[in-house]
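Student: I'd like a close look at one helix pair and the turn that joins it. Once that's clear, could you set it against the rest of the fold?

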Amino acid sequence: MEVSLIGISIYMISQNPNSFPNSLYLGRLSPPPWGSAPPSPPSAVSDPISPNLPPPSTPRRSCSPTSADPPMSWDTPAFSSACPEIPSTVRPASMRSRGEESKWIRSAIRSEAMEVLERGMQGLNQAEVGAGLQVLYDLGELKATVARLVNKYEGMGVKSINAALDMKAMSTTGGGWNPRNALWKRIEECVERLHLVVVAVWHLQRVLSQTRDPVTHVSLLDDVVQDGDAMLSDRVWEALVQAFARQMQSAFAGSISVNSIFTAEYPKMLSTVENLLEWISRDTDVEGVLPAITPEVKRQMVSAIEIFETQYLCQCSKRLIFLVKYVLDESAQGSGPSKLFFLRIVSYIQEEIEKAVQLDRRLSLLVLHEIGMALRQLAPQAENQISTGPEACQVMGPATAAQLKNFTICQHLQEFHTRISSLIREFRLVAADELSPALGAIYEVACNPMTSLFQSMLDRLESCIIQIHDQNFGVLGMGAAVDNNVSPYMEELQKCILHFRTEFLVRMLTPAKTTSGKTETICTRLVRNMASRVLIFFIRHAALVRPLSESGRLRLTRDMAKLELSVSQNLFKVEQLGAPYRALRAFRPLILLETSQLGASPLLQDLPVSIILHHLYTRGPDDLQSPMQRNKFTPLQYSLWMDSQGEDQIWKGVKATLDDYAAKVRVRGGDKEFSPVYPLMLRVGSSLTKNASVAR
């Protein structure tokens, strides 16, 4: 039967010529998040996966009708003028009375209006949806028809969710069936259907809110949604979320295959849900109209899959903890864990970060938290594998088996720390907050045995240097001046440095090509610190040598040259040591200057004030005692005291000896003239006081 829209149009236009604007289109749907084109409008025949689906709609709003609109009167002139437009040839021959004819025409108009309405919803055409809604409103059937239509779309969405997770249905698809691929394919299809359902209902709601009664100017949405009722899009969304949550719970508890797939690939599941929410929000983002879903209700669908999130995080933690324990169990049975084992842990962490951390900030924090918890177990377990005791710290003989094992563990822990730090650097504070404590503990475990060993080496080198006080640098004569032999203490110092290099450092220092140019290894840092300490410690005790003759000064400068060469060749390039190297280079020519030249020498700028003051004692009279002599300290005791004090405290000790000297000069009967070093020492020390005042 062909019922022309001309009759419907004449009737509606006669009721309100301004009811319908020119054809307005929302436009094509945006493509799905995975890039394929939107599905073509569904056919008249629906199935559980491919139901007839629509477009978008308006947001929640409380509408209150101001008046009830009576149904259309079939005796109005407008209706009578519309009836002739329906050809008599299409009327049933048995139709005799006007009442029967009216019922038939009403049914025909209703059918035509529904056809126009559903076509408009499928094509997202506001004009067609508005025309159909206006006719149904005038027929007095708007509310009931909209309710049935919303229920229909709601049912189609629920069927799509149920069918997407039906593993039995998927298993009947034929040969080559892959559960994982089949499940994800149906999930993608379901996402497209849900998008179309929600957008269709939103579109219906939107047009209802924009179409008004020509007489009362009340929105048609007010006739459909009463005070306190949920909006159409909210009603459908709530039903879909509830169905989705039920299916997720059912899959979690009753389907091993679906459970395992969603747990193992939870980041993908989360991404799929968030893409659906973003897709709906994007396609219902119209100025002046609320979107189909708000940020508050978006969380509802994400919450439905959190049961798989908990399992995913638990499995992530278990796998990493297993790897940690496996690595260290292997190390307990041999000479230490291999580099490959640590790289496996790094690879797994990188995989988890790439899968999850880049998708969502919240999931990022959760995954990083689990990684951090597992890494916290690595530090104490690695520490249990490290050898301690005398055999781990001896430095006089060749490296022991315990020391070699420690070297291996520390090198692997250090490389592990470097790789993980580099991996998380791009995530900045997000990853740093979660992993920094664990990485700090790992770095500390790697440092501790190396620090102890280096302290033993340094103690040995300092014991060699302190023997400088056993030498006689006050001897006079040309024979001592031309003696080119190395001082005994310096010869022993050189031998120790070479021994440490060949037995320990070559095994601990990582080749430059295997480390980042921006990363200083633990051993490199410890060697640099040890080399700096050796230079400063030597200068300190060389300044304390007393008496110091001219030939003694020459001998001391030769010792300094030997020291510089030995440290640079076997420990660290001295040119890269900064202040300690500049101090050594300044002290060598300084001791050869005449006392009258010292005050104006630029060499003083590169030396600590305490070094200058202590050297000046060697140029003063015997009754000008140094703090070491005044307090009857041994060179070792005085050196330890200096380590615990700052330059200002050392100056106070020096100032006390200068005051004692001044008092002695004033009370003696004959020569009351001060030594030239006295005013010089006062000037040097007062400069330290002035600098401290400026700093404050």
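Tutor: We'll start with how far to trust the model, go to the hairpin near the C-terminal end, and then move outwards.

This is a predicted model, where local features need pLDDT of at least 70 and side-chain atom pairs count only at 80 or more, while totals for chains, interfaces and linings use all residues. Numbering runs from 1 along each chain as its sequence is written, and side-chain values use heavy atoms, without hydrogens or water.

The protein's mean pLDDT (the predictor's confidence per residue, 0 to 100) is 80, with 77% of residues at 70 or more. Two stretches stay under 50: residues 34–91, with 174 contacts (heavy atoms within 4.5 Å) beyond four places in sequence, and residues 512–517, with 2 such contacts.

Now for your pair: helix α21 spans residues 522–544 and helix α22 spans 550–570. (Helices are DSSP runs of H or I, at least four residues, numbered from the N terminus.) Their axes, lines fitted to C-alpha atoms over the stretch in contact, sit 11 Å apart at an angle of about 175 degrees. Angles run from 0 to 180 degrees between N-to-C directions, and those over 145 count as roughly antiparallel, under 35 as roughly parallel, 65 to 115 as roughly perpendicular and the rest as oblique. So α21 and α22 are roughly antiparallel. On the α21 side, A531, V534, L535, F538 and A542 meet L556, D559, M560, L563 and V567 of α22. By class, that contact has 9 nonpolar residues, no polar and 1 charged. (Nonpolar is Ala, Val, Leu, Ile, Met, Phe, Trp, Tyr, Cys and Pro; charged is Asp, Glu, Lys and Arg; the others, Gly among them, are polar.)

The turn is worth a zoom: P547 sits in the loop between α21 and α22, and a cis peptide bond joins R546 to P547, with omega about 5 degrees. Most peptide bonds are trans, and most residues other than glycine have a negative phi. Another loop has a backbone oddity of its own: L124, between α3 (98–123) and α4 (126–138), has a positive phi near 55 degrees.

For another geometry, try α9 (232–254) and α10 (256–264), whose axes come within 6 Å and cross at roughly 105 degrees. These two are therefore roughly perpendicular. M248, A251, F252 and G254 of α9 touch I256, V258, N259 and F262 of α10, a set of 6 nonpolar, 2 polar and no charged residues.

Finally, the structure holds 5 cavities of 30 Å³ or more. (On a 1 Å grid over the protein atoms alone, a cavity is a set of points where a 1.4 Å probe fits but cannot get out; lining residues have an atom within 4 Å of a point.) The largest has a volume, the space filled by probe spheres set on the points, of about 110 Å³. Its lining counts 13 residues, with I187, C190, V191, F244 and M269 nearest the centre.

Terms used: On a 1 Å grid over the protein atoms alone, a cavity is a set of points where a 1.4 Å probe fits but cannot get out, and a pocket is an open set with protein on both sides within 12 Å along at least five of seven lines; lining residues have an atom within 4 Å of a point.
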